[in-house]
Amino acid sequence: MRLDSISGISGRLPFVVALTGILLVAFYCRWDGLFAIGVGGNDTILYYSLAEQWLRGNFVFNIGDSIAVYRPVLLAFNALALKIFGHSDYAIKLANVLLDTVNLLLLSRLAWHLAGSRAVVLACAASYAMMPLAIWSARQELAHTISTFFALGAFLSIWQASLAESGRAGRIYAALAGGCVGAATLTHEDLIFLAAPLALFLFFAPRLRGAVDSLSEDLRRLAVFCIGPLLAAAIVMFFESATVQAFVKSSIVSAGRDDRIFLEVFARFVWDGIVGSSSATMALYL
């Protein structure tokens, strides 16, 4: 083995040990007390019941007087958790805990791509490991953990698409990013707002670093990226058209009798949605 190879391994070892330690701490914070009966609230009981219905072949989205939301990816994930870990109070929560450890690794990978610094990677990993909201959501049966997984997958894929040298590789990564946004939307509808800033990033990021592709190639990447979000939006619109129309109408018309349209109100609604589903930094691309 060459001396420089040994030096490289020894230089990476503290980083690997530190990241592994953070991962173990994160897992413990999410695992501790998980098997106690009653961890979680009424919403989690609803999602558990819906997952049970799915395992019986009854693909419903509400029970009794509960609100019906079209989240097939979430319910399929929850049903799979019951199938693997048994019909128990902790099954879905355990699946979320395991998935959230994957989220931490995806976040670390994204931090490395963006910063190229081991210190930044460890700081991001430690922040996520001890983030109260991340710990809380991983110990529930709600949508936040799996939606985070798909959002991180979309960010990583769109980054790879923007760096890809060949047209085919760029389109594959763009399609994967769009699929992740689509899956995130079918997990939590608000995440459809991720599509706009990611599409802008996909178009402008290569230009900002001087790697300008042909316009036709850029449009092909955008086209394959948009397939996932548009398909998910169409599915949600088909199953929840009345809810979506009422929500959008309330966001653009006045409360008076004339139902006047105010586009600036709708623009603020879209902006708030993008910031809420992504981040203020990503929203600046708009």
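Biologist: In this predicted model, where does Glu240 lie?

Modeller: The model is a predicted one, and the place of Glu240 can be given by the helices on either side of this residue. One of them is α10, and the other is α11, which covers residues 241-252. Glu240 therefore belongs to neither helix but lies in the loop between α10 and α11.

Biologist: Is Glu240 buried or exposed?

Modeller: A residue counts as buried when its relative accessible area is under 20%. Because Glu240 has a relative accessible area of 9%, this residue falls under that cut-off and is buried.

Biologist: Which residues does Glu240 touch, not counting residues up to four places away in sequence?

Modeller: One residue to start from is Tyr70, which is 170 residues from Glu240 in sequence, while the two C-alpha atoms are 7.1 Å apart in space. When residues up to four places away are left out, the residues touched by Glu240 are Ala68, Val69, Tyr70 and Glu189.

Biologist: What share of the contacts in the chain between residues at least 6 apart in sequence join residues at least 24 apart?

Modeller: The chain has 286 residues, and buried residues make up 41% of them. Among contacts between residues at least 6 apart in sequence, the share that joins residues at least 24 apart is 69%.

Biologist: How many helices and how many strands does the chain have?

Modeller: Read from the N terminus on, the elements of the chain run α-α-α-α-α-α-α-α-α-α-α-α-α. The count for the chain is accordingly 13 helices and zero strands.

Biologist: How far does helix α4 reach from its first C-alpha to its last?

Modeller: Helix α4 covers residues 91-115, which gives this helix 25 residues. At 1.5 Å a residue, the span expected for α4 is 36 Å, and the reach in the model is close to that value. From its first C-alpha to its last, helix α4 reaches 36 Å.

Biologist: Which residue just after α4 takes a positive phi?

Modeller: The residue to look for comes just after the helix, where phi is about 65 degrees. The residue that takes this positive phi is Gly116.

Biologist: How many salt bridges does a search of the whole structure find?

Modeller: One example is the pair Lys93 and Asp89, whose side chains meet in a salt bridge of 2.9 Å, N to O. The two partners are covered to unlike degrees, because Lys93 has a relative accessible area of 1% and is buried, whereas Asp89, at 28%, counts as partly exposed. Over the whole structure, the number of salt bridges found is six.

Biologist: How many residues apart are Arg171 and Glu217, the pair that links distant parts of the chain?

Modeller: Arg171 forms a salt bridge with Glu217, and the closest N and O atoms are 2.9 Å apart. The pair links distant parts of the chain, since Arg171 is in helix α8 (residues 167-185) and Glu217 is in helix α10 (residues 215-239). Arg171 counts as partly exposed at 27% relative accessibility, while Glu217 is buried at 9%. In sequence, the two residues are 46 residues apart.

Biologist: Why are Arg221 and Glu217 separated by about one helical turn?

Modeller: Arg221 and Glu217 form a salt bridge in which the closest N and O atoms are 3.5 Å apart, and both residues are buried. They are separated by about one helical turn because they are four residues apart in helix α10.

Biologist: Which residues are linked with Glu217 in a network of salt bridges?

Modeller: Glu217 has a salt bridge with Arg171 and another with Arg221. The network also includes Arg220, and the residues linked with Glu217 are therefore Arg171, Arg220 and Arg221.

Biologist: How far apart in space are Leu194 and Val181, C-alpha to C-alpha?

Modeller: Leu194 lies in the loop between α8 and α9 (195-208), and at 0% relative accessibility this residue counts as buried. In sequence, Leu194 and Val181 are 13 residues apart. In space, C-alpha to C-alpha, the distance between them is 6.8 Å.

Biologist: Which residues form a nonpolar patch on the surface together with Met131?

Modeller: Met131 is in the loop between α5 (118-129) and α6 (132-138), and with a relative accessible area of 37% this residue is partly exposed. The patch has about 310 Å² of accessible area in total, and the partners of Met131 in the patch are Leu133 and Trp136.

How values were computed. Residues are numbered from 1 along each chain as its sequence is written. This is a predicted model: local features need pLDDT of at least 70, side-chain atom pairs count only at pLDDT 80 or more; totals for chains, interfaces and linings use all residues. Side-chain values use heavy atoms; hydrogens and water are left out. Patches are made of residues with over 30% relative accessible area and no salt bridge: like charges are joined within 9 Å, nonpolar side chains (Val, Leu, Ile, Met, Phe, Trp, Tyr) within 5 Å. Accessible areas come from the Shrake-Rupley method with a 1.4 Å probe; for residues, only the protein chains shown count as cover. A salt bridge is a side-chain nitrogen of Lys or Arg within 4 Å of a carboxyl oxygen of Asp or Glu. Buried means under 20% relative accessible area, exposed over 50%, partly exposed in between (1.4 Å probe, protein chains only). The expected span of a helix is 1.5 Å times one less than its number of residues. Contact means heavy atoms within 4.5 Å.
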